[in-house]
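Colleague: I'm new to this one. Can you walk me through a few features?

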Amino acid sequence: MAGPLTMAMPTEPTTRIVITECDHDSFAPEHDLTDPAGAELVLTQSRSAAELIANAADADAILVQYAQITAEVMDALPRLRAIGRYGVGVDSVDIAAATARGIAVCNVPDYGTESVSDHAIGLTLAAVRGIPRLDRGVRAGSFDLAAVRPLFQTRGRVFGIIGLGLIGTATARKAAGLGYEVIAYDVAATPGQVFHGFAAVTLDELLERSQVISLHTPLTDETRGMIGAAELARMRTDAILVNTSRGGVVDGDALVEALRAGSILGAAIDVHESEPLAAGHPLTTFDSVVLTPHLAWYTEESYDELKRRTVENVLEVCAGRAPRNIVNPEVLGTPGRNSTCAPSTAVTGD
């Protein structure tokens, strides 16, 4: 006689996390977190919004590197509860649209503080000492300093920081350690007072006094193109512009014109308005410009931390818990896709 019929118990649906596109060479750190949690991690390389929507059709969360996440994309993904960005900036995500739909947007605002500030200082020294130009000269058989005269020591020179958040403050600390007089402009600072340990000034004063100007602001409607023709014209003729923040903060055409006119001495740029930088771009024609391919964030330490914390944030949201970092904490525990999630006390700064 056959034994009693047993019914299979329904299982909890698996959390599905889709990486929309990413150029990392390994995803082992993400799997270290998703696999023990029983979550499905799917890597795709979506080249368009249509491909992204198709690839993430049943996603509870997506992890994005460069993809534009618009309201239309969100509406096409009805299960989507969390968007995790590999990085600090979230300008590629429509935050207002996500908030209106109750979707949590998470980033990793403090993972690359030391790495980016190290790179900003490295770019500064390479530019002000003319190191790439001298290197090219030696390789071509030249063994003199004529191409980079005059050079100046760092002590006594003025280093201006625009944006005194975590990375800006770390850069300021390192610049001061090299002997620079550090001044800073930040929208939250009162000129004439000390802000995060450094003298706060107006933007005009910073532009007019600094031999080095290092940018550390997010890309927003207010900061887009904030360094344009008028600002470049206020800068000293011996000034170097350093950008490790976002390419869109600088008006690229205006920068090229300033370099052509010799109204500033040079630039050191890690981030670009359009990436990758096109072959033959005008910036590549100046010996006074140092260029790197948006890698200021990278060290082995920061790379691992970025990957783990990006996936950790969305796993927490999908589990109904407040993540460590969230840009729009108001979506947690309120009507919407995360109404059952715990309220947040997360870090949202840069």
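Colleague: In which hand does α5 cross α7, left or right?

Modeller: The crossing of α5 past α7 is right-handed. Keep in mind that this is a predicted model.

Colleague: Where are those two helices, and at what angle do they cross?

Modeller: Helix α5 covers residues 113-128 and helix α7 covers residues 166-177. Their axes come within 8 Å and cross at roughly 50 degrees. An angle that is neither under 35 degrees, nor 65 to 115, nor over 145 counts as oblique, so α5 is oblique to α7.

Colleague: Which residues meet there?

Modeller: From α5 there are T113, E114, V116, S117, D118, A120 and I121. On the α7 side they meet L166, I167, A170, T171, R173, K174 and A175.

Colleague: How do the residues of that contact divide by type?

Modeller: Seven are nonpolar, three are polar and four are charged.

Colleague: New topic, pockets. How much space lies in the second largest pocket?

Modeller: The second largest pocket holds about 390 Å³ of space.

Colleague: And what lines it, and which residues lie nearest its centre?

Modeller: The lining of the second largest pocket has 28 residues. Nearest the centre are A127, V128, L151, I240 and L265.

Colleague: Which elements give two or more residues to that lining?

Modeller: Those are α5, α6 (131-139) and β13 (289-291). Helix α6 gives the most, with four residues.

Colleague: What types of residue are in the lining of that pocket?

Modeller: The lining of the second largest pocket divides into 16 nonpolar, five polar and seven charged residues.

Colleague: Now the backbone. Is the peptide bond from R149 to P150 cis or trans?

Modeller: The bond from R149 to P150 is cis, and its omega is near -5 degrees. P150 sits in the loop between α6 and β6, where β6 is residues 158-162.

Colleague: What about the bond that joins E275 and P276?

Modeller: E275 and P276 are also joined by a cis peptide bond, with omega about 0 degrees. P276 is placed in the loop between β12 (266-269) and β13. Strand β13 came up earlier as one of the elements in the pocket lining.

Colleague: Last one, H196. Is its phi positive or negative?

Modeller: The phi of H196 is positive, about 55 degrees, although H196 is not a glycine.

Colleague: Where is H196 found?

Modeller: H196 is in the loop between β8 (194-195) and β9 (198-200).

Key. Residues numbered from 1 in each chain as written. Predicted model: local features only at pLDDT ≥ 70, side-chain atom pairs only at ≥ 80, totals over all residues. Heavy atoms only, no water. Axes fitted to C-alpha atoms, helices over the stretch in contact; angles between N-to-C directions. Left-handed = near helix turned anticlockwise from the far one by under 90°. Contact = heavy atoms within 4.5 Å. Nonpolar A, V, L, I, M, F, W, Y, C, P; charged D, E, K, R; others polar. 1 Å grid on protein atoms, 1.4 Å probe; cavity = no way out; pocket = protein on both sides within 12 Å on 5 of 7 lines; lining within 4 Å. Points joined across faces, edges and corners; volume = space filled by probe spheres on them.
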